Every structure is written in C-alpha cells, then in structure tokens.
Amino acid sequence: MIVDNLPALQVIVPLLGAILCVLVRRGWLAWFIALVVSWIVPLIAVALILQVLDGGVISYAMGGWAPPVGIEYRVDLLSAFVLLLISMVGAVMLPYANLSVESEISDGKRAWFYALYLLCMTGMLGISITGDAFNAFVFLEVSSLSTYAMIALGKDRRALLAAYQYLIMGTIGATFYVIAIGILYTMTGTLNMVDMSGRLGDVATVRPLFAALAFLTVGISLKFALFPLHSWLPNAYAYAPTFATAFLASTATKAAVYLILRFFFSVYGVALVFGIHPISEMLIALSLMAMFGASIVAVYQDNIKRMLAYSSVAQIGYITLGFGLANVPGLTGGVVHLANHAVTKGALFLAVGGIVYRMGAAHLDDFKGIGKKMPLTMAGFTIAGLSIIGVPGTAGFISKWYLAIAALEHGWGWLVMLLVLSSLISVIYIGRVVEVAYFREPEGKVMNATEMPLSMLIPAWVMILATIYFGIETSWTAGIASQIATDLLAGVQ
Amino acid sequence: MKFDTILRIGTKLFLPFILVFALYVQFHGDYGPGGGFQAGVIAAAMVIFYAITFGLEAAKQAMPPLVLEVLIGLGVFLYTGVGIVAMLKGGEFLNYSALKHDPVHGQHLGILLVELGVLITVFATMTAIFYAFVGRGR
Amino acid sequence: MAALQELVNHYNHWIAVFLMVAGLYVVVARGNMVKKLVGLSLFQTSVYLIYLTPGKIIGGTAPILSDEFTVYSNPLPHVLILTAIVVGIATIALGLALVVRINEAFGSIEEDEIFEKDVEA
C-alpha cells in the first residue's frame, strides 16, 4: 500500500512536517521534525528512482481521478533524478541548520523558518513530480512564496529589499507562466503534460503555441535567473540567512530548470522548439553572456556570499548552454550539471556559512589568514572552489567535459575555447579568496576564530567529499543524465 | 466608540447573521456555488467588522492570535488528514470514494471534511493577516 | 470592415491585454513600492480574464447538473482561477507585509530614497 502511494507521499510528508512545525512552535523541536522529514523524503525518492529504473514511468492518479482529467503525478527518470537531488541536498544540510539558524534567527521565528523550509521543499518536490501544467504553477508559487519569506528573515535590513525585489520579479515570472498555460489550454483543451504534447500536433495554427513558448521561456527563466533576468538573485542570496542561501542555491533554481526542460523536450518536443525559430542560438548566446558577464562581476565582489551568488548565475549559464546545444552530450552536460552544481555550490555556501557563524559576516576582510584558524573549513572551500573551476577529478569537470564534447560534435572549436576561458575567470574569483585566506596574516576578529562546530563541519564535508566522489565515480550522475538526455531527445513519454 | 450606541448595537446585531451566511455558503457548496474559500473570507469579515467597531484589543480577546496560528495549521492538517485516511483505506491520496463502503457517501463525507479544513485555514489566515497589518505601528 | 469586426469580436482579449500591459507598466515605471504591488495585482488579475473568457460557452449555463439544461459552461477555468486568486492574495499580502517592514527599517517606501539610504549604511 505504501509502495503504491509513494509519489503522493513524496509531497505530503514535507507538507505534514511544515504543519507540525507550525503547531509545535518550539525552535529545536521544529528543527527535529524538519530533520526527520528531510531524512524520510530522500528514502522515498530513492525508492521511486529504483522503481523507475526497474519498471519504467510511474503514473499516479491523484484522488482516484484518472488522467488526463485528474491531476497526474508522473515520475520518469528525469523527475526521479531531480527529486533525489533536491531531497538529498536537504537531508545533508539539515543537521547543519540547527546552529546556523539559531545564530541568525530569533527564537520566536525559528519554528516558522523551518515550516517555510519544508514548504519550500514541498513546492520544489511538487514541481518535479507533477504531470499537470497548472499544478506545477501552484507548486512553483508554494516554493517561491516560502522562499521570499525565508529571505526576508535575514539579519540585514537589506534582506527585506532583496525579498521584495525577488517577489516582484518572481511574481511576474509566475504570471508569465500562467499566461503560457492559459494559451496552451485554450489551444489544446488539456492541462496534462503528456496529453498536451500529444495534442500539440493537431493544432492548426502554430503561432499561439510560439507565443506561449515565449511567455513560458521568459517566465521560467526569471525564476531560475537566466542571465539578463538574474538581477534579483545576488541580493537575495547575499542577505538571506546562510542556511537558506545554501539550500536555495543548491535546489531552488534546479526545480525551475527542470520545468523548462519538461516543456522544451517533453511537451513541445525538440523539432518544435529548436526547428523553427533560432531558440538554440539565443540560449547559447545568453548562456555565454551569463558565463562571462556574471563571472567577471563576481571577481569584483567583496561580500563572499554575493560573489558566490554571481558565480551561481554563471553556472546556470553552463546548464542552459547544454540545453541550447540540444544534442545528447550537451543535454547530458546540462542535466549532470544540475547535480554537480548543486553539490558544489552547496559545499561552498556551507563552508562560507561556517565563517559567517564564527565571524558574523562573510566580507573578504573576514577571510584574512582564516586558513590557519579554520583549516578544515578553508580546505573544503578550496576543494569545492576547484570544482567550480572544473579541475579534473572534481564534479565540475565532468559537466564541462560533456559540454565540450557537445560543442565539438557541432564542430564548434571556438565554444570549447570559450568554456576554458570562462573557467579561467572563475580561477580568479576563487583564487582571490584562497589567496587572502592562506597568504595573509590573521588580524582582528580572525585571531579568535576557531573551527566551526562538528554538527556544521560534517555536513559541509559530506558535500565536499561528494564533489570529489561525483568527479570520479559518475554512474549515478552522468550515467543517468545521459539516459535522460537520450530519452528527452527521442521524445519518450 | 463608547457612546456610539447605534454602531455598537448594529454591529452586534449583524455578527451572527454574517456567521450564518458564511456557514450557508460553506454547506451549500455541496449542491451549488459556494465552498470553503468564500465562507472562510466571510467568516473572517465578521472578526474584522468586530475589530473595526470595538477595537483590535477586543477582537483579540474574542479570537486570540495564538488560536489563529493553531487553526491555520489545523485546517491544512484536516485536509491532508482526509487524504491520508483515504490512502490508508486503500485508495489514492484524497480519493474520497475509499472513505466509506459506498463511494457516493464517501465523496460526500470527503468533500465536506476537506472544505471544512479549507474554511478553518482561510478564516484563520485572513484574520491573521488583518491582525498583522493593524497591529503594526502602534 | 472584416478587420474591424475581428477587433470587436475579440474585445475580451483586448481588455485583458490592455490591463496586462498597464499593470506591467506600473510595476516597471513607479518607484513607490505600494503602487508597484498595485500594478502587480492588476497584471495578475488581467490573466484571470484570459482564462475565464474561453470557459464561457454562449448559451451555456452554470455547470450544475440539471435535467432542464444540456449546454454548460466549462467549469475548469473557474477552478483554476480560484486557485490563482488565492495565490495572488498570498503574494500581495506577503508583498505588503514586506513593504510595512521596509518602511519600519528604512523609513520610506520610495525606491530611490531607500537606495540613497542604502549607500550611506
């Protein structure tokens, strides 16, 4: 019975956890509930991905109403991959949360913070599992609304401004998405994604479909901060509570990226998206602008959280570059970078979070000589930084390798050069921090700094070891990603 | 407001009718237009009306914020609870037909409970939003 | 004449598009945070019209089963929009709450004034 209902439980368990957090009202108890939930959720995700690998797509009819009339939860390999990614990140990070959140959020609000975290989780898992286009919008807003509130809980008053800006941008994005779904619904008469993709072929006039595609692309791109639409992201990540930043940087953009993958490749199909209008070229151009523009801006940031946020914008460029290339290695690179970037950026933010915990801020000055005072934290930061750069033996290298192969398959040697060049820029911004941390003498506050507590150190190092592990053993990441890429390009439902 | 007899008496006269109308909208939702969302907002309007006439403190005594916070959670809990019971009885999540032996009775019971959950949460949320805004800057 | 007829026949879409662009303009052009939210609300609301108009079937009645009627309007868009309205309310409430907090923290809700203060801080 439980096995049959796993797709529903995947979303309900964190939702129930959020309600319990509200009802118990005690910070530590809410943390404990969130911890238990965060450890149950990945178990469900593992069970789902094993089922999918074993027996193909799982379809679950919500409320007993058979699709396409009812809301369908549909787990294919891509969904299962994203579900596992999001829930695993949550499971690793939650032990870290207790001390970090305690130091940044006042007592009365802590239970609410965990409720928001679990709601955000609910939303993201929901986006990845649902097979209904409108249901995806609702989950998108559940996760976004809780994200705005989480960001606003940051200590700095600028957190409020960041949350407000994100709310405006995010709502415009979500509304664009609703417009697109409205047009698609008018044209096809269905909201079920699989059904919709089947009926798109019968639509007589394709122009509204492209209008919908445009709204869809811009709307979702706002949510995952594709280059010219990224203006909300740096402030939001810089001023949010550190735990929220780490969790959001690893997961929030990934769920939105999943949604665009779903629409590009499953609903519309490769031929319709890339065949008629130069969307592929546009995606590649925007991705390159993200990779260079955001990386260069990152070099000039003195607030390290902000620097990493700009780096996130650049990394999203790599993901969309893979989609734009639209061949099997390119798509593999994009999908595998979802996981690799989640792990890498999570590790970096957890390490920085340790420094925020000890120093109260993450300004470059706070890093002077910190390599001597917090050796383990800084070593972790350096290793994860190498993964951002894409050094062989780390997770980042795998993604870039696939992207390079994809570029060569198109015969675009220049693109490979640009990939290498953009990696060199990331050497500068990571190198800046490492230089300050190891080759300056500690002074001021840094003198009294000690290694971060074990409950924070262990999660950070689990993430860091994962960046190395996924750089060497790739069957779980790149293996599944290449299978997903093959399926998506072949239009397998 | 102390001496405004007409306002005070008028408000008190209105309150029960607003609540009854909310409940009418709630239970009529089974057979016609209506349901938990609308009923919840109408019920919240009752508290807001009371607060406007008698002041925020009086309203908070009648409907304490602490109770509201619990109610917000409780409503959602009722909703998911119905879904989980349906699951335990062998149906899918929120499959009301599984609630009772007769699917039609099950659907009736299910929608009634779920809408009740919606009513509670919407009522509590709307009132809480009102309290949060009015309570600021005093 | 045919073109004019086309315009008039789709008046519902013209209204929706006008409201949508007006709302979006307010969001972009105004510096006052409350006005921005009002624009955002207008923008969201216009989308509801896009959904509702195709749901109405001419001559159709409210979708409640009865022996007297055979043609019903499509209830699904209404249900979707009810959900979207709730999402919209939550968004606006959260946005206004943020504005209240911003006013308390910065002493202003004009964006340019706040950014000036931000530089000082």
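The following is a conversation between a colleague and a modeller about a predicted model.

Colleague: What makes you confident in the model as a whole, and in chains B and C?

Modeller: The model scores ipTM 0.93 and pTM 0.93. Chain B averages a pLDDT of 88, and 96% of its residues score at least 70. For chain C the average is 86, with 98% of the residues scoring at least 70.

Colleague: Where in chains B and C is confidence lowest, and where is it highest?

Modeller: In chain B, helix α3 (residues 56-62) has the lowest mean, 89, and helix α2 (residues 36-54) has the highest, 91. In chain C, the lowest mean is 76, in helix α5 (residues 111-120), and the highest is 91, in helix α2 (residues 11-29).

Colleague: How do you know whether chain A agrees with a compact globule?

Modeller: A compact globule of 493 residues would have a radius of gyration near 23 Å; chain A has 21 Å, so the value agrees. The C-alpha atoms of chain A fill a box of roughly 70 × 55 × 40 Å along the principal axes. Its secondary structure comes to 20 helices and two strands. Buried residues make up 65% of the 493 residues in chain A. Among its contacts with a separation of 6 or more, 80% are between residues 24 or more positions apart.

Colleague: Which residues have the most contacts inside the largest nonpolar core, and which helix gives the most to this core?

Modeller: The largest nonpolar core has 276 residues, and A:C21, A:A115, A:I151 and A:A163 have the most contacts inside it. Helix α6 (residues 158-188) of chain A gives the most to this core, with 22 residues. Leaving aside residues up to four places away in sequence, A:A163 touches A:Y148, A:I151, A:A152 and C:L98.

Colleague: How do you know whether the length of α6(A) agrees with that of a helix?

Modeller: At 1.5 Å a residue, the 31 residues of α6(A) should span 45 Å; the end C-alpha atoms are 44 Å apart, and therefore the span agrees. As for its surroundings, 28 of the 31 residues of α6(A) are buried, so the helix is described as mostly covered. A:G189 follows α6(A) and has a positive phi, near 75 degrees.

Colleague: Why is A:F439 called buried or exposed?

Modeller: A:F439 has 10 C-beta neighbours inside 10 Å. The cut-off for exposed is 12 or fewer, so A:F439 counts as exposed. A:F439 lies in helix α18 (residues 413-439) of chain A. Its C-alpha atom is separated by 9.4 Å from that of A:K372, 67 residues apart along the chain.

Colleague: What class of exposure do A:R25 and B:L94 have, and why?

Modeller: A:R25 has 17 other C-beta atoms within 10 Å. A residue is buried at 20 or more and exposed at 12 or fewer, so A:R25 is partly exposed. B:L94 has 25 other C-beta atoms within 10 Å, and is therefore buried.

Colleague: What is phi in A:R25 and in B:L94, and where are these residues found?

Modeller: A:R25 is not a glycine, although its phi is positive, about 65 degrees. A:R25 is found in the loop between α1 (6-24) and α2 (27-55) of chain A. B:L94 is likewise a residue other than glycine with a positive phi, near 65 degrees. B:L94 has its place in the loop between α4 (65-88) and α5 of chain B.

Colleague: What is omega for the peptide bond that joins A:P67 and A:P68?

Modeller: Omega is about 5 degrees, and the bond is a cis peptide bond. A:P68 is found in the loop between β1 (58-61) and β2 (72-75) of chain A.

Colleague: What makes up the side of chain C that touches chain A?

Modeller: The contact takes 26 residues from chain C and 22 residues from chain A. On the side of chain C, α3 (33-55), α4 (76-106) and α5 each supply at least two residues. α4(C) gives the most, with 14 residues. By class, this side of chain C divides into 19 nonpolar, four polar and three charged residues.

Colleague: How many residues does the contact between chain B and chain C take?

Modeller: This contact takes six residues from chain B and six residues from chain C. Helix α5 (residues 103-134) of chain B gives the most to the side of chain B, with three residues. That side has four nonpolar, one polar and one charged residues.

How values were computed: Residues are numbered from 1 along each chain as its sequence is written. Chains are lettered from A and ligands numbered from 1 in the order in which they are written. This is a predicted model: local features need pLDDT of at least 70, side-chain atom pairs count only at pLDDT 80 or more; totals for chains, interfaces and linings use all residues. Two residues are in contact if their C-beta atoms, placed from the backbone, lie within 7 Å. Helices (H or I, at least four residues) and strands (E, at least two) are DSSP runs, numbered from the N terminus. Ala, Val, Leu, Ile, Met, Phe, Trp, Tyr, Cys and Pro count as nonpolar, Asp, Glu, Lys and Arg as charged, and the others, Gly among them, as polar. The radius of gyration is taken over C-alpha atoms; the globule rule is 2.2 Å times the number of residues to the power 0.38. pLDDT is the predictor's confidence in each residue, from 0 to 100. A nonpolar core is a set of buried Ala, Val, Leu, Ile, Met, Phe, Trp, Tyr and Cys residues joined through C-beta atoms within 7 Å. The expected span of a helix is 1.5 Å times one less than its number of residues.
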